[in-house]
Amino acid sequence: LRWSQAARSLLQCPQYTQSVCPRASTMWSRRWQSTEAFSEPTPTQTSSPFAQPDNTEAEEPSFVPHTAYSQRDEVISKFINCLMQDGRKQAASKVLEGAFVQIKRTMLEKERAAAAKSGTATMTPSGAIATLPYCDPVTVFYKAIENAQPTIALTPVKKSGSIVQVPTPLTDKRRLSLAMKWIINGARKRKTRLMPQALAAELVDASNNQGAAIRKRIEVHKMAEANRAFASMRWS
């Protein structure tokens, strides 16, 4: 501290600065004479450029669903995740939306045909238009999932060196997962080129207790009934 004060007083002397080191004197004089280097930040300034003011709060990110139907229930969101391939969730959402549109179109055409056949429809140039009820494809989706859910399945258990298929009741989560898996696999095995149409047809069939998913459920129940003799091995 004493050396810095002595150097400062020496550099302020005009005879020394002009004769010995004019360049250094100019640099040091600017440093010592500037008050901004030692000035404290004002109350309006912040110590960090990334600090936020106290009166504002960070906004929480809002969840934007991939489809309008996924906001209703978590079951539809889970079905989209099961339908997704290679991480393309937006494509899976579009497939499900297209399936819902196809289901609604099928329901409207069926209602119009029934109304035209019964004579309660008003004929127009575009076709038979009747007073139709509200057609919600989500109800068809829930009914298809409910009909395709199995109540029991086979679990392999090793007993005396051999593997035995033991019928075991399923939890609600596992039942829902199997129903979604069977419906999606049944839709992919159809010969329809477009996946939305195949998925819509499979959902409609499952809601009417038909289709590949219902056949798979019946097959699993038959196998569990055939192996009911090994049910006691579930606790062994």
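In this predicted model, Ala 200 has a relative accessibility of 3% and therefore counts as buried, since the cut-off for burial is under 20%. Ala 200 belongs to helix α8. Leaving aside neighbours within four places in sequence, the contacts of Ala 200 are Ala 99, Gln 102 and Ile 103. Ala 200 can also be compared in position with Pro 137: the two residues are 63 apart in sequence, and their C-alpha atoms are 9.4 Å apart in space.

**Helix α5 and its partners**

The three contacts of Ala 200 appear again in the list of residues through which α5 meets α8. On the side of α5, that list holds Val 95, Leu 96, Gly 98, Ala 99, Gln 102 and Ile 103. On the side of α8, it holds Met 195, Pro 196, Gln 197, Leu 199, Ala 200, Leu 203 and Val 204. By type, the residues of this contact comprise ten nonpolar, three polar and no charged. Helix α8 itself covers residues 195-207, and its axis lies 8 Å from that of α5, at an angle of about 55°. This angle is neither under 35 degrees nor within 65 to 115, and α5 and α8 are therefore oblique to each other. The crossing of α5 with α8 is right-handed.

Helix α5 also packs with α4. The axes of α4 and α5 come within 9 Å and cross at roughly 115°, and this crossing is right-handed. From α4, the residues Ile 76, Phe 79, Ile 80, Asn 81 and Leu 83 take part; from α5, the partners are Lys 89, Ala 92, Ser 93, Val 95 and Leu 96. The contact of α4 with α5 is made up of seven nonpolar residues, two polar and one charged. Val 95 and Leu 96 are listed in the contact with α4 and also in the contact with α8.

**Aromatic residues**

A search of the whole structure gives three aromatic pairs. Two of them, both involving Phe 141, are set out below.

| Pair | Distance between ring centres | Angle between planes | Separation in sequence |
|---|---|---|---|
| Phe 79 and Phe 141 | 5.1 Å | 85° | 62 residues |
| Phe 100 and Phe 141 | 5.9 Å | 80° | 41 residues |

Why is the pair of Phe 79 and Phe 141 edge-to-face? Planes over 60 degrees apart count as edge-to-face, and the planes of these two rings stand at 85°, so the pair falls in that class. The pair links distant parts of the chain, with Phe 79 in helix α4 (residues 74-83) and Phe 141 in helix α6 (residues 137-148). Phe 79 has 0% relative accessibility and therefore counts as buried. Phe 141 likewise has 0% relative accessibility and is buried.

The rings of Phe 100 and Phe 141 have planes at 80°, so this pair is edge-to-face as well. Phe 100 lies in helix α5 (residues 89-118) and Phe 141 in helix α6, so the pair ties together parts that are apart in sequence. Both Phe 100 and Phe 141 are buried. Together with Tyr 142, the residues Phe 79, Phe 100 and Phe 141 form one aromatic cluster.

**The protein as a whole**

The protein has nine helices and four strands. Read from the N terminus, the order of these elements is α-α-α-α-α-β-β-α-β-β-α-α-α. Of the 236 residues in the protein, 26% are buried. Among contacts between residues at least 6 apart in sequence, 60% join residues at least 24 apart.

Technical notes:
Residues numbered from 1 in each chain as written. Predicted model: local features only at pLDDT ≥ 70, side-chain atom pairs only at ≥ 80, totals over all residues. Heavy atoms only, no water. Phe/Tyr/Trp six-rings, centres within 6.5 Å; stacked < 30°, edge-to-face > 60°. Helix = DSSP H or I, 4+ residues; strand = E, 2+ residues; numbered from the N terminus. Buried < 20%, exposed > 50% of the residue type's maximum accessible area, 1.4 Å probe, protein only. Axes fitted to C-alpha atoms, helices over the stretch in contact; angles between N-to-C directions. Parallel < 35°, antiparallel > 145°, perpendicular 65-115°, else oblique. Left-handed = near helix turned anticlockwise from the far one by under 90°. Contact = heavy atoms within 4.5 Å. Nonpolar A, V, L, I, M, F, W, Y, C, P; charged D, E, K, R; others polar.
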